[in-house]
Amino acid sequence: MRRLLLSASLALLFAPVPALAQAQTGVQEVVANSSGDTFNISAVNELLAQGDAEAASGDLSAAIDSYDKARNAARSLLSFYRDLSGAFRGLDARIPRAMDAKGREAIQALASANLRLAAAYRRENQAEVAVPLLVEVIKLMTPANEDGRKAYQQLLEIGFVSIPYNAPAPRSN
């Protein structure tokens, strides 16, 4: 009986998790295909540029697809950078600093993807899909940031919020 339980436990431990593996592989394939087998912010920026070109040509459904892929890739990168930063915290300060910097780039890319995706959905008259994206930008960037202010302004234009936010001018150094 013990042997059977041990065998079953080991089988479960080493069994692949198909949903997670497929989701991560899908994002990696999208990013790898767009940037010469690399999984980084440059690949996300390429997807954003591709979406911009598609939106400019009037192909909003393709643009939405590209922006959504960029969004998912940026979200995955952010998660991986945070995990690596946490794993090395207290062991080697250089690695968490580098991962935190890469994480900030991923957050900026995620906010950019959300703003572009929300704008595309607004052009498709789907404001209800744009609202959560814009709220996420504000959570990521705060209203004190330019992207956060843009997101709030769009929420105002949609009619989701009714109080204008008059942000103070950014301080120059």
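These questions and answers walk through a predicted model of a protein.

Reader: How many helices and strands does the secondary structure come to?
Author: The model is predicted. From the N terminus on, its elements run α-α-α-α-α-α-α. There are 0 strands, and the helices come to 7.

Reader: What percentage of the residues in the protein is buried?
Author: Buried means under 20% relative accessible area. The protein has 173 residues. The buried share of them is 34%.

Reader: How much area does the protein expose, and what share do carbon and sulfur atoms supply?
Author: The protein exposes about 10800 Å². Carbon and sulfur atoms supply part of that area. Their share is 56%.

Reader: Where is Ser66, and is it buried or exposed?
Author: Ser66 sits in helix 4, which covers residues 60-88. Its relative accessibility is 3%. The cut-off for buried is under 20%, so Ser66 counts as buried.

Reader: Which residues does Ser66 touch, leaving out those up to four places away in sequence?
Author: Start with Leu48, which lies 18 residues from Ser66 along the chain. The C-alpha atoms of Ser66 and Leu48 are separated by 6.7 Å. Touching is judged on heavy atoms within 4.5 Å. The residues that Ser66 touches are Leu47, Gln50, Gly51 and Glu54.

Reader: Which side chain makes a polar contact of 2.7 Å with that of Ser66?
Author: Glu54 is among the residues that Ser66 touches. A polar contact needs N or O atoms within 3.5 Å. At 2.7 Å, the side chain joined to Ser66 is that of Glu54.

Reader: How many salt bridges does the structure hold?
Author: Side chains of opposite charge can pair when their charged atoms come close. The cut-off for a salt bridge is 4 Å. The number of salt bridges in the structure is 8.

Reader: How far apart along the chain are Glu136 and Arg71?
Author: Glu136 and Arg71 form a salt bridge, with the closest N and O atoms 2.8 Å apart. The pair links distant parts of the chain: Glu136 is in helix 6 (residues 127-141) and Arg71 is in helix 4. Their separation along the chain is 65 residues.

Reader: Is Glu136 buried or exposed?
Author: Glu136 has a relative accessibility of 16%. Buried means under 20%, so Glu136 passes that test. Arg71 is buried too. Glu136 counts as buried.

Reader: Which residue meets Glu136 in a salt bridge of 2.6 Å?
Author: This partner is in helix 4, 61 residues from Glu136. The partner is partly exposed, with a relative accessible area of 35%. The residue is Arg75.

Reader: Which residues are joined into one network by salt bridges that share partners?
Author: Glu136 forms a salt bridge with Arg71. Glu136 also meets Arg75 in a salt bridge. The network joins Arg71, Arg75 and Glu136.

Reader: Why are Glu146 and Arg149 separated by about one helical turn?
Author: Glu146 forms a salt bridge with Arg149, the closest N and O atoms being 3.6 Å apart. Both residues are in helix 7 (residues 146-158). They are about one helical turn apart because their separation is 3 residues.

Reader: Which residues make the nonpolar surface patch of about 290 Å²?
Author: Patch residues need over 30% relative accessible area. Leu84, found in helix 4, is partly exposed at 39%. The patch is made by Leu84, Phe88 and Leu91.

Notes
Residues are numbered from 1 along each chain as its sequence is written. This is a predicted model: local features need pLDDT of at least 70, side-chain atom pairs count only at pLDDT 80 or more; totals for chains, interfaces and linings use all residues. Side-chain values use heavy atoms; hydrogens and water are left out. Helices (H or I, at least four residues) and strands (E, at least two) are DSSP runs, numbered from the N terminus. Buried means under 20% relative accessible area, exposed over 50%, partly exposed in between (1.4 Å probe, protein chains only). A polar contact is a pair of N or O atoms within 3.5 Å; within protein, one must be able to donate a hydrogen and the other to accept it, and residues adjacent in sequence count only if both atoms are side-chain atoms. A salt bridge is a side-chain nitrogen of Lys or Arg within 4 Å of a carboxyl oxygen of Asp or Glu. Patches are made of residues with over 30% relative accessible area and no salt bridge: like charges are joined within 9 Å, nonpolar side chains (Val, Leu, Ile, Met, Phe, Trp, Tyr) within 5 Å. Accessible areas come from the Shrake-Rupley method with a 1.4 Å probe; for residues, only the protein chains shown count as cover.
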